[in-house]
4 protein chains.
Amino acid sequence: MKRIAVLTSGGDASGMNAAIRSVVRVGYVRGVEIIGVYYGYRGLLTKDFHPLLPRDVSGILERGGTILRTSRVPDFKLTENQEKAIKNMKEEGIEGLIVIGGNGSQSGNLALFEKGFPTIGIASTIDNDLWGTDYTIGFDTAVNTAINAIDKIRDAAVSHGRTFIVEVMGREAGFIALDAGLAGGADFILVPEVKFDIKKITDNMREAFKKRKMHHLIVCAEGAIHARDLEKKIKEYMPNVETRVSVLGYIQRGGAPTRFDRIIASEFGQHAVDALLSGEKGKLVGIKDNKITLIPLKDAITKQKTIDKSLYKLAEEVSV
Amino acid sequence: MKRIAVLTSGGDASGMNAAIRSVVRVGYVRGVEIIGVYYGYRGLLTKDFHPLLPRDVSGILERGGTILRTSRVPDFKLTENQEKAIKNMKEEGIEGLIVIGGNGSQSGNLALFEKGFPTIGIASTIDNDLWGTDYTIGFDTAVNTAINAIDKIRDAAVSHGRTFIVEVMGREAGFIALDAGLAGGADFILVPEVKFDIKKITDNMREAFKKRKMHHLIVCAEGAIHARDLEKKIKEYMPNVETRVSVLGYIQRGGAPTRFDRIIASEFGQHAVDALLSGEKGKLVGIKDNKITLIPLKDAITKQKTIDKSLYKLAEEVSV
Amino acid sequence: MKRIAVLTSGGDASGMNAAIRSVVRVGYVRGVEIIGVYYGYRGLLTKDFHPLLPRDVSGILERGGTILRTSRVPDFKLTENQEKAIKNMKEEGIEGLIVIGGNGSQSGNLALFEKGFPTIGIASTIDNDLWGTDYTIGFDTAVNTAINAIDKIRDAAVSHGRTFIVEVMGREAGFIALDAGLAGGADFILVPEVKFDIKKITDNMREAFKKRKMHHLIVCAEGAIHARDLEKKIKEYMPNVETRVSVLGYIQRGGAPTRFDRIIASEFGQHAVDALLSGEKGKLVGIKDNKITLIPLKDAITKQKTIDKSLYKLAEEVSV
Amino acid sequence: MKRIAVLTSGGDASGMNAAIRSVVRVGYVRGVEIIGVYYGYRGLLTKDFHPLLPRDVSGILERGGTILRTSRVPDFKLTENQEKAIKNMKEEGIEGLIVIGGNGSQSGNLALFEKGFPTIGIASTIDNDLWGTDYTIGFDTAVNTAINAIDKIRDAAVSHGRTFIVEVMGREAGFIALDAGLAGGADFILVPEVKFDIKKITDNMREAFKKRKMHHLIVCAEGAIHARDLEKKIKEYMPNVETRVSVLGYIQRGGAPTRFDRIIASEFGQHAVDALLSGEKGKLVGIKDNKITLIPLKDAITKQKTIDKSLYKLAEEVSV
């Protein structure tokens, strides 16, 4: 294999650039030409192809976002588009493809693999919801950003003796909420994976008020309940409680990546290139039990990854 | 004057603790006893008074929020409550009061002064909307937090080629929006003080698209228009533009204060104590033309402070 | 077991407070009284014992350093002191001890265990050099601080086209240097575990100059070579190269802990309490292959933990 | 004037890029062609000239360092080199020059002006030692970085009960030390402008120890005394005190600029262009009493700017 394409797709995640840099430089070391595809799958269709050399990825390790840009291409589900993508790559002598992205992006990748094109995925999404990998690129940075925000919000919560509801990203999964809540010292954490009971929460708050703990911090995943809705429900039980809402939103995606994300991104990039060169395909590069691993793409996107219940229990215990 | 009380009131702002520390320690150096009043004006009514010594304010310089806690006490507008507050202070031998806070808080302060009690205010609000002072404690930290968030959001905006609308605090005034927009590299800044024209904005965006600038960043003050409403209006003119909204919210209040806020807070605290000791009263400590100054409280809260139009013009020029 | 003592010892590491908080709160949930020992082993000798309740550890999760303070007590190697410590604990009804610290601290812990006292260690040192655990509390924060510093230094390196040598902590081990170098995009990483050749480094630099790459970044562990000495050696081969030195020093210890350190600290604290309650002793709580684990104290401090050579190789490949 | 050159020179400072961006974009708005000169004065000699358009300065507002690169060119003191620089500019139709830099850089600028070439300077140095301007670009960012480092170091100082000596930049002037010390809560601040007495410092420390304040934080400007030397001197008076030294070094130069630096940089850039266009020359753009101002270059570099003694006094009072 002498020419490999790389693209980023779907929601951007901090660390994607570190992965691109690693693919390009390790590819160069292995004697492989790396072709950057711009704007994700759209670039496969428009042949937005540009060779990348080691100097082209200088100074990007520390930058959020993705220099290859990204897009969401719903039409890529169409067989004709997938075939066109493969045809376009073949025409340019591209023999393998590396897709850096999350669940939706890896579905497209799987489709190309199932049509016979050698592909490897790199697990990258702030949501951390790909099965078979303990972490995905961007998750650690996103949670650290959320924690930093929660640290600031707590200043106001304590000063005013108020209840703050902080909504973090996570439509299907509570990974960010659980880690940000535990690490941010939340009193309650609401995730899609665990049923919650507003009455129980407000009963606990009342107990705390009696002990003169006046402020509370609730972290909820957007997929569990929206902060505004939770506020209303709490008010039903405690009409007089002073609540404030903060939706962290897109700050969770960007910023300079952390140690963790820079390092796993560098490792994933290296392993993706080496996987293709050794004949692997249809696999996702992830990390399991602190070791880089290859997961069948199909498993990664169809099997359900669940939050660590013991961590959820821990969060309850350390917030007494 | 041998005993001075100090309180924080209204919205918390980063740097309030630095001001408290300065009042306490400078008071100690001057041989004055400093009494901390907890929970703002409420503490004046409940006699929530606690003497503060230099060691009591150790390790708080770098902390957001306020160790004296704060509250909003609408009832403090009642004459009977103001008289009770003065009575309570006099009973405890308190001869002067320092109020750290913004517009609403300084109104209460003015009322006490007008009832004959020696008071001094310290300008502290992230909104920076007190007349007669160029800056208020907490503004610089709030804007730096907003800029930092905008830097992260820009990563996503550029990567996706999207239009991001970032809403910052500022109900009456556009100070945060203007500085955060200018320093954050916003393409458009919407403030309550300047009329805006959605059509003109979207026309500009269309021009930019033609030049292949695909992402835009709009910073709006909550008092100009809410981000969600702006999004809708933009969609009326450009139905196909991809927009995303981020409401920064309470992260702007907290966090470790910046150099600027720590230093003016320390200066303001010193000058507040010295003002009371030299017989000044009914004044607000602020900074004008880089010098610490005393502003009549009445002017500070009734006169209208306006944004710097030349800065607004500059923001337009550097965003071409 | 109804009463457990906890102390921090040796060099402070960010996340120690999160571990203390977890020990105290999980202990409370389990119905165990937790006694805080101040100033490490010195506090065992002076009976500097203070019961800790859940509210006593509020607001410390995000703080660097250790509220229990720490010390280095060389005399604790004396048998008589160890016996006195055990006697002191027994007199106060303390039945188990949790020691949060690194290599030296766990030696003292092992000694107490070998004298028959039930002890558990919690792996906490920025150096990450305890055998049997992949990570120790404080390491992730330290490396992130180093990376952040390197990102700033790179600005100057690039702007001037200079060679910067950044010295990070690590007397015996290169864990910080390797991760900070890899994640910081260093051109060369010098660790105690790998022999380095100045001539080879300067030859590489000359090659790069020819390709018009004018700046270089070298990260060295203090235990490999001091930055000043390295600078001199480089000058022997390249007298005209412009070099600058930066010794990061103590900023690596402090600051708000990261997600990773807050979470493993919370987990380690919980597991330490539960280990003692289930009859375990003489063990160190760590994390191996992403699972919390118990390591015999003797192994943890006597066996040699080595850096991941494949990571070192990766660092070379991504810096081409 | 239709063509203006801009260069950065001397030590890099965070915010230089914001100034470049402002010069380029305001120049574009005014219908002036802006020519970027690379590597400072060296680029004037080698004709390293490149036209800069608004898109060329996209995405640099938030970046430390300088995209125009910088250098120190001792030979630029030679008349022949200055004449060559002017000749080179004239040959390319360049009618005015903007030099972004500190003291040394503005000397070169003055020389060109005195030889008849229209020049304007922009005050930019982390040292803040240009006469006539209250602030220079890069100072606020440098001090905030120093404060952030001091906040981390204090964690260790408090945890161990140690004395930390933190050395900050400032060869001739104590501006960084004074602000970082005051804002960082230093117990003692040593600047070149104020004589210090080691005996008095150690006497104060002894007093504090008696009151059980075990840790101390000393901030010194490199131009007052080097941290290592100060440590030795303290040990002469207090042989048993536990001291640690931290030299902050180059981290003070880089990183994303703060609100303050981004805004004054944008203002300075705009005013520099407008000054040249309105016929001003031989002036430095700075900020005085919160207003943008023009200072004769000769005054700016020959007159002595001194620290604010009242701030120094304040630092003493708030550290009791």
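Select chains A and C of this predicted model. Here 34 residues of chain A are in contact with 34 residues of chain C. Now colour the elements on chain A's side. Those that give two or more residues are α1 (16–29), α5 (139–160), α6 (175–184), α9 (259–277) and α11 (309–317) of chain A. Helix α9(A) supplies the largest share, seven residues. Colour by class next: this side of chain A has 15 nonpolar, seven polar and 12 charged residues.

Keep both chains on screen and look for the symmetry. Two copies of a chain are related by a rotation about an axis and a shift along it. For chain A on chain C, the rotation is 180° and the shift along the axis is 0.0 Å, with an RMSD of 0.0 Å. The two copies are thus related as by a two-fold rotation axis. To find that axis from chain A, centre on A:Asp289: its C-alpha is the nearest in the chain, 2.0 Å from the axis. Of the interface residues of chain A, 100% are also interface residues in chain C, so the copies meet through the same surface.

Bring in chain B and move to its side facing chain A. Here 27 residues of chain B are in contact with 27 residues of chain A. Select α5 (139–160) and β9 (243–247) of chain B, the elements that give two or more residues to this side. The largest share, nine residues, comes from α5(B). By class, the residues on this side of chain B are eight nonpolar, 13 polar and six charged.

Two chain pairs leave a gap. Chains B and C do not touch, and their nearest C-alpha atoms are 10 Å apart. Chains A and D do not touch either; their nearest C-alpha atoms are also 10 Å apart.

Stay with chain B and pick out B:Glu267. Look for this residue in helix α9 (residues 259–277) of chain B. Is B:Glu267 buried or exposed? It has 25 C-beta neighbours inside 10 Å, so B:Glu267 counts as buried. Show its contacts beyond four places in sequence: they are B:Ile292 and D:Leu314. Then draw a distance to B:Ala18. The two residues are 249 apart in sequence, but B:Glu267 and B:Ala18 are 9.5 Å apart in space, C-alpha to C-alpha.

Go back to chain C and select strand β1 (residues 3–8). Five of its six residues are buried, so β1(C) is largely enclosed by the rest of the structure. Now add its partners. Strand β2 (residues 33–37) of chain C runs parallel to β1(C) and is joined to it by four bridges. Use C:Arg3 as a marker: it stands opposite C:Glu33 in β2(C). Strand β4 (residues 96–101) of chain C also pairs with β1(C) in the parallel sense, over five bridges. The marker for this pairing is C:Leu7, opposite C:Val99 in β4(C). Add helix α1 (residues 16–29) of chain C: with β1(C) and β2(C), it makes a right-handed β-α-β unit.

Next, select β8 (216–221) of chain C. Six of the six residues of β8(C) are buried, so this strand is largely enclosed by the rest of the structure. Show the side chains. In a regular strand the side chains alternate between the two faces of the sheet. C:His216, C:Ile218 and C:Cys220 point one way from β8(C), while C:Leu217, C:Val219 and C:Ala221 point the other way, and all are buried.

Add the strands paired with β8(C). Six bridges join β6(C) to β8(C) in a parallel arrangement, and C:Val166 stands opposite C:Val219. Strand β7 (residues 188–190) of chain C also runs parallel to β8(C), with three bridges. There, C:Phe188 stands opposite C:Ile218. Switch on α7(C) as well: β7(C), α7(C) and β8(C) make a right-handed β-α-β unit.

The last stop is helix α8 (residues 227–237) of chain C, whose buried residues are C:Ala227, C:Leu230 and C:Ile234. Look down the axis of α8(C): these buried residues fall within an arc of 60°, so they line one face of the helix. An α-helix has 3.6 residues a turn, so residues three or four places apart point the same way. What do the buried residues of α8(C) pack against? They pack against β6 (163–168), α7 (198–210), β8 (216–221) and β9 (243–247) of chain C. Turn to the face away from the buried side, where α8(C) carries the exposed residues C:Arg228 and C:Glu236.

Notes. Residues are numbered from 1 along each chain as its sequence is written. Chains are lettered from A and ligands numbered from 1 in the order in which they are written. This is a predicted model: local features need pLDDT of at least 70, side-chain atom pairs count only at pLDDT 80 or more; totals for chains, interfaces and linings use all residues. A residue is buried if 20 or more other C-beta atoms lie within 10 Å of its own, exposed if 12 or fewer, and partly exposed in between; C-beta atoms are placed from the backbone. Two strands pair if DSSP finds at least two bridges between them. A crossover is right-handed if, with the strands pointing away from the viewer, the path from the first strand over the helix to the second runs clockwise. The arc is that of the directions from the helix axis to the C-beta atoms. Two residues are in contact if their C-beta atoms, placed from the backbone, lie within 7 Å. Ala, Val, Leu, Ile, Met, Phe, Trp, Tyr, Cys and Pro count as nonpolar, Asp, Glu, Lys and Arg as charged, and the others, Gly among them, as polar. Copies are superposed by least squares on the C-alpha atoms of residues with pLDDT of at least 70 in both.
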